[in-house]
Amino acid sequence: MTRRDLDALLASREMVLVAGSGGVGKTTIAAAMGVAAVRRQTGNVLVLTVDPARRLANALGLEAVGNTPVRIPRNALERAGIDARGKLFIAMLDTKAGWDELIHRHAPDEQTRDAVLANPLYRNITSRFVRSHDYLAMEQLHDLHATGEYDLVIVDTPPSRNALTILDAPSRMAEFFGSRLLRWLTVPYRSRLFTVASKPFYKVADSVLGSRFLQDIADFFVLFQAMEEGFVRRAREVESLLTDPRTAFVIVSTLEAAPTHEARYLARALDERQMPLGAIVANRVLPSALASPAASAAAATLGTGTGAGDLTIAERVLTALRALDDASAEPSSDDVDVAEVDRILHRLAERFDDVAMVATREADRLAELAELSPLVVSVPWLSGDIHDLRGLGILADDLRNGSHGAESPR
Ligand SMILES: Nc1ncnc2c1ncn2[C@@H]1O[C@H](COP(=O)(O)OP(=O)(O)O)[C@@H](O)[C@H]1O
Ligand SMILES: [Mg+2]
């Protein structure tokens, strides 16, 4: 029986796509998975990130990097307490380029390319059809994967209103080229535009819209059709990479209501598209021990202020504080009396109820997510931001320790 944990997942795939709603920790988890991977396996691991927080980007040396992968030096990893067997590379995914870049890439020749780019309708029309940014990101990672230089590519996905846009980008690109609208528009325009019957209409149209308007449209789509084959072939390749068994999706979510909902939706969407879900990472999770009835009972007892014996709990706590003060250079209980300690304990007990309630809700949501994925990993809320390699190293440990993998297939 194979062990199900994140290490096993990272070792068995060539491409891991990290998805989820904004702000849940996708970029951070993607980077931490890169660290986890090079700790365990030899070979080249590339983390393709989208929008690292500035401090993290600086720490990783990404400022100067752009979309060419750079290697994180082994001694930098060592200094952060990371003992790496493999080589870790990092790059920024370029999501700014748009259609121009696609045209540059797919035009069969320079003439077509320049004609498309110079066509006055080009920008207007393309901006209405497919959002090319998501698609470009997909093409980039296809390229990087295709170089064969990396044993594993971990891809952070762009923040988008709907994570599905990135999954569907390739198929929408292919559909765009196969669409009836485009076919109709690319029927050689002489036969369509200049039939005797339609001539008056086009005359009027031209006089209203400008003399070359329809000609431009026709030219544009004819040019576009010249690129269809290349575009569609690529889109299909990218699409098949997303459904390849060597690829896995990792959904990152916090256990708040909205991100959990989004994660469930995403898991189902992957299933429908036959895109392999490898794991759900529940990030910034409260310790489950907080949800235990025993912990709540203990907190309640502290809050009542009276324990066993003659002394109240507040008195005992104060005695303990004073004993600590005796041993410390900075006394903390000088100005505190029993009544004050009692109030503090009360307040702590009340707060504990709130925290316990959140932890209980989180445990329920984690259980819901576990039904949708072969592996669920929970990662605690670390104090302070994660902004350097050391933080990523700690997170990488947590990713390993937090696996709730089913031992048997689900
Ligand atoms: N487990 C965690 N503990 C503490 N802070 C975290 C954790 N995961 C992420 N963060 C912080 O949360 C913020 C958002 O994370 P980020 O990875 O940029 O999210 P996303 O890419 O999903 O928008 C960052 O400041 C990051 O340092
Ligand atoms: Mg991000």
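A polar contact is taken here as a pair of N or O atoms within 3.5 Å; within protein, one atom must be able to donate a hydrogen and the other to accept it, and residues adjacent in sequence count only if both atoms are side-chain atoms. The model is predicted, so that local features need pLDDT of at least 70 and side-chain atom pairs count only at pLDDT 80 or more, while totals for chains, interfaces and linings use all residues. Residues are numbered from 1 along each chain as its sequence is written, chains are lettered from A and ligands numbered from 1 in the order in which they are written, and side-chain values use heavy atoms, with hydrogens and water left out.

Three backbone contacts with ligand 1 are listed below.

| Residue (backbone atom) | Ligand 1 atom | Distance |
|---|---|---|
| Gly23 | oxygen | 2.9 Å |
| Lys26 | oxygen | 2.8 Å |
| Pro380 | nitrogen | 3.0 Å |

Of the 570 Å² of accessible area (Shrake-Rupley method, 1.4 Å probe) that ligand 1 has on its own, the protein covers 87%. Among the 17 residues around ligand 1 (a heavy atom within 4 Å), those that come nearest are Gly23, Lys26, Thr27, Thr28 and Asn283. Two or more residues of this shell come from each of α2 (26–40), β7 (277–285) and β8 (375–380), elements defined as DSSP runs (helices H or I, at least four residues; strands E, at least two). Helix α2 contributes the most, with three residues.

Elsewhere, the structure holds 16 salt bridges (a side-chain nitrogen of Lys or Arg within 4 Å of a carboxyl oxygen of Asp or Glu). One of them joins Glu101 and Arg105 at 3.1 Å, N to O, and both residues lie in helix α5 (residues 99–106), four residues apart, about one turn of the helix.
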